[in-house]
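Trainee: I'm new to this one and would like a close look at a single part. Could you pick the sheet and what packs around it, and start from one residue to get me oriented?

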Amino acid sequence: MAFRKASFSKNGHVCPWWLAYTFDNPIRKLFHQPQKMLGPYIREGMTVMDVGCGMGFFSIGMAKMAGDNGKVIAVDRQQKMLDIMLKRAKRAGIAERISAHHCEPDKIGILEKVGFILTFWMVHEVGNQKDFFSQLGSILASGGKILMAEPKMHVCAEDFQKTIAIARATGLRLSGQPAVRFSHSALFEINE
Ligand SMILES: C[S@@+](CC[C@H](N)C(=O)[O-])C[C@H]1O[C@@H](n2cnc3c(N)ncnc32)[C@H](O)[C@@H]1O
């Protein structure tokens with residue numbers, strides 16, 4: 001069953017930081033394994049981005065994959081999420097590989113190009129998805145990929161198809177739909 005939002009504000013809505021503990025907790029690694037899920041897209045030395053990083057479950061996994069010469073740009077509109085993410089990254093000993101970026105609700109604000117972008121369980125919180133995907137397309141380096149996963153619990157199949165159509169209308173090409181537990185997924189590349 002999908003629980004649909006009753007209304008959208010211009011800037012979307014956000015998952016409060018305390019609610020993130022309901023899914024980002026020690027048992028999460030039983031069903032979401034960053035290495036297995038993102039291994040095909042991230043190599044050592046790459047610069048990658050985790051948008052809507054929350055408390056950093058995937059940012060930390062991505063930093064381990066990117067290695068000492070790589071970088072993860074972890075972006076969130078909530079400073080509290082970034083603070084918790086950085087605390088966890090320090091504990092994991094990889095904080096120097098992560099650059100935390102506090103964005104505006106409607107502007108990612110990253111100017112450098114990245115080779116891979118993850119949007120995990122966050123696009124349904126974005127107010128203007130068309131503008132959001134246009135921004136992702138301009139940040140993605142040539143040949144790079146975007147993996148979007150949306151929670152089946154909150155996003156019905158019909159709404160997910162609408163989101164895919166919006167992304168495609170901004171010039172992204174749907175190139176796959178890898179299996180992600182409890183999620184709809186879509187892999188995009190730039191139409192070149
Ligand atoms: C449900 S949480 C998922 C967090 C993380 N991706 C994970 O899987 O653990 C959604 C996150 O997206 C962030 N978010 C929502 N809209 C955003 C936007 N427009 N720009 C950046 N972050 C956003 C929220 O602040 C929240 O931290």
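**From one tryptophan to the sheet**

Mentor: Let's start with Trp17, which is partly exposed because 17 other C-beta atoms lie within 10 Å, while a buried residue would need 20 or more. Keep in mind that this is a predicted model. Trp17 sits in the segment before helix H1 (34-38). Leaving out residues up to four places away in sequence, Trp17 touches Gln78, Lys80, Met81 and Ile84. Try Leu82 as well: Trp17 and Leu82 are 65 residues apart in sequence, yet their C-alpha atoms are 9.9 Å apart in space.

Now for the sheet. It's an open one with seven strands, in the order S3-S2-S1-S4-S5-S7-S6, and the pairing is mixed. Strand S3 (98-102) and strand S6 (172-176) are at the edges; each has a single partner strand, so one side of each has no neighbour in the sheet. Going from one strand to the next, the twist averages 25°.

Zoom in on strand S4 (residues 114-120) and strand S5 (residues 140-151), which pair in the parallel sense over six bridges. If you want one bridge to find by eye, take Thr119, whose partner in S5 is Met148.

Two helices to look at next are H2 and H4. H2 packs on the sheet and touches strand S1 (47-51), S2, S3 and S4, with its direction at about 165° to that of S2. Helix H4 (residues 129-139) packs on the sheet too, touching S1, S4, S5, S6 and strand S7 (183-190); its direction makes about 145° with that of S5.

Then there's the nonpolar core. The largest one has 55 residues, and those touching the most other members are Ile42, Val48, Met62, Ala74, Met85 and Ile117. H2 is the top contributor, giving seven residues to this core. In general, nonpolar side chains in soluble globular proteins tend to be buried together. Val48 is a handy one to click on: setting aside neighbours within four places in sequence, Val48 is in contact with Ile42, Met62, Ala66, Val72, Val114, Gly115 and Phe116.

Last stop, the ligand. There are 23 residues around the ligand, and Cys15, Gly52, Gly54, Met122 and Glu125 come nearest. The elements giving two or more residues to that shell are helix H2 (57-66) and strand S2 (71-76). Sorted by class, the shell has 15 nonpolar, four polar and four charged residues. So H2 is worth following on your screen, as it packs on the sheet, gives the most to the largest core and lends residues to the ligand shell.

Technical notes
Residues numbered from 1 in each chain as written. Predicted model: local features only at pLDDT ≥ 70, side-chain atom pairs only at ≥ 80, totals over all residues. Helix = DSSP H or I, 4+ residues; strand = E, 2+ residues; numbered from the N terminus. Buried ≥ 20, exposed ≤ 12 C-beta atoms within 10 Å, placed from the backbone. Contact = placed C-beta atoms within 7 Å. Near = placed C-beta within 6 Å. Nonpolar A, V, L, I, M, F, W, Y, C, P; charged D, E, K, R; others polar. Core = buried A, V, L, I, M, F, W, Y, C linked by C-beta atoms within 7 Å. Pairing = 2+ DSSP bridges. Axes fitted to C-alpha atoms, helices over the stretch in contact; angles between N-to-C directions.
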